[in-house]
Amino acid sequence: MILVITPISWILLHQPQNDEADASIPIVTRTDDTYVTPTTKPVSNPPTPKPSTPPATPSATPTPSATPTRTPTTSPTDRPTSSPTERRMTTAPTSRPTPTGDRTTTSTQPKPTETTTAPPPPVDDGDMSADELQLFQMIDNARQDNGCAPLKRDSDLSDGAGADATQRAASGNTNSFSSSSSTAGGEKWTAQDAFDQMMAQSRNTILNCGLTTLGVGTDKAKYKDCLLFICSNKTRVAWVADFT
């Protein structure tokens, strides 16, 4: 029985099928002569690799792909940096070092410009002695009582008046006047004696308000006064008032 069935089965298995098997379907056999039933499913071919798509040409103006999630801020951060070189000492020194004489401290602040004003020239005192100044005050007071402005002093006028008084005391020519000067003198004359003489002989000159500056000079000289054969030593004093 077995001997009959076996050949029949072999024939049935090796008969051609009505539908031709796909040539792509291999018939797999095993080394032990055991046949594997073929399948009608097509063998799937491996997928053909797609050509790589060339990168798109970048546009002239780059467009950011994504909006940054955080807006950068310009305010400094309060966190200290981890770099040792950027760390700053937060504790102020307790005392400042004392500058030495070899170092010069320069200030960046502009210094204010100091405007120095030249002091006014000193007032001319007239270079007069006490007696000369006394006559000056008498003449000045008389002029102010007459409505004139106070007189100014002038050293050059006083020096010139003093030189003139020296010559007049020696010569004895002590009484004279002009439109800008007046002289007086005599035996031991004081400033009051000279003022009275000047007011008597040259009042218009003394009280001329157009004259604004006065210099006074005086000097004395010894001389002999003889009567017959008797001579005595005397002192003549000359006074000079010069105006401008």
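The following questions and answers introduce the helices, the sheet, selected loop residues and the salt bridges of a predicted model.

Residues are numbered from 1 along each chain as its sequence is written, and side-chain values use heavy atoms, with hydrogens and water left out. Because the model is predicted, local features need pLDDT of at least 70 and side-chain atom pairs count only at pLDDT 80 or more, while totals for chains, interfaces and linings use all residues.

Q: In which order do the strands of the open sheet stand?
A: Helices (H or I, at least four residues) and strands (E, at least two) are DSSP runs, numbered from the N terminus. Two strands pair if DSSP finds at least two bridges between them. The open sheet has five strands with mixed pairing, and their order is β1-β4-β5-β3-β2.

Q: Which are the edge strands, each of which pairs on one side only?
A: The sheet is an open one, with β4, β5 and β3 standing between β1 and β2 in its order. Each edge strand pairs on one side only, and the edge strands are β1 and β2 (176-177).

Q: In which sense, parallel or antiparallel, do β4 and β5 pair?
A: Strands of a sheet pair through backbone hydrogen bonds, either parallel or antiparallel. β1 and β4 pair in the parallel sense over two bridges, and K152 has T213 in β4 as its bridge partner. Between β4 and β5 there are 14 bridges, one partner of K222 being T235 in β5. The sense of the β4 and β5 pairing is antiparallel.

Q: Which residue in the turn of the hairpin of β4 and β5 has a positive phi?
A: β4 (213-227) and β5 (230-243) are the strands concerned. They form a hairpin with two residues between them. The turn residue with a positive phi, of about 60°, is L228.

Q: How far apart are the end C-alpha atoms of α2?
A: The expected span of a helix is 1.5 Å times one less than its number of residues. For the 16 residues of α2 this gives 22 Å, which agrees with the distance in the model. The end C-alpha atoms of α2 are 23 Å apart.

Q: At about what angle to β4 does α2 run?
A: Buried means under 20% relative accessible area, exposed over 50%, and partly exposed in between (1.4 Å probe, protein chains only). Among the buried residues of α2 are L135, F136 and I139, and the buried residues pack against elements including β1, β4 and β5 (contact means heavy atoms within 4.5 Å). Axes are lines fitted to C-alpha atoms, for helices over the stretch in contact, and angles run from 0 to 180 degrees between N-to-C directions. α2 lies across β1, β4 and β5, and its angle to β4 is about 120°.

Q: What arc do the buried residues of α4 cover around the axis?
A: In α4, the residues A191, A194, F195, M198 and M199 are buried. They lie on the same side of α4, because the arc (that of the directions from the helix axis to the C-beta atoms) is only 130°.

Q: Is P150 buried or exposed?
A: P150 is found in the loop between α2 (130-145) and β1 (152-153). Not counting residues up to four places away in sequence, P150 touches D140, Q144 and T212. Its relative accessible area is 51%, so P150 counts as exposed.

Q: Which residue, in the loop between β3 and α4, has a phi near 50°?
A: The loop joins β3 (181-187) to α4. The residue is other than glycine, and its phi is a positive value. With a relative accessible area of 61%, this exposed residue is K188.

Q: Which residue forms a salt bridge with D164?
A: A salt bridge is a side-chain nitrogen of Lys or Arg within 4 Å of a carboxyl oxygen of Asp or Glu, and by this rule the count comes to two. D164 and its partner both lie in helix α3 (residues 155-171), four residues apart, about one turn of the helix. The closest N and O atoms are 3.2 Å apart, and the partner is R168.

Q: What is the N to O distance in the salt bridge of D225 and K234?
A: D225 stands opposite S232 in β5. D225 is partly exposed at 32% relative accessible area, and K234 is partly exposed at 27%. The side chains of D225 and K234 meet with an N to O distance of 2.5 Å.
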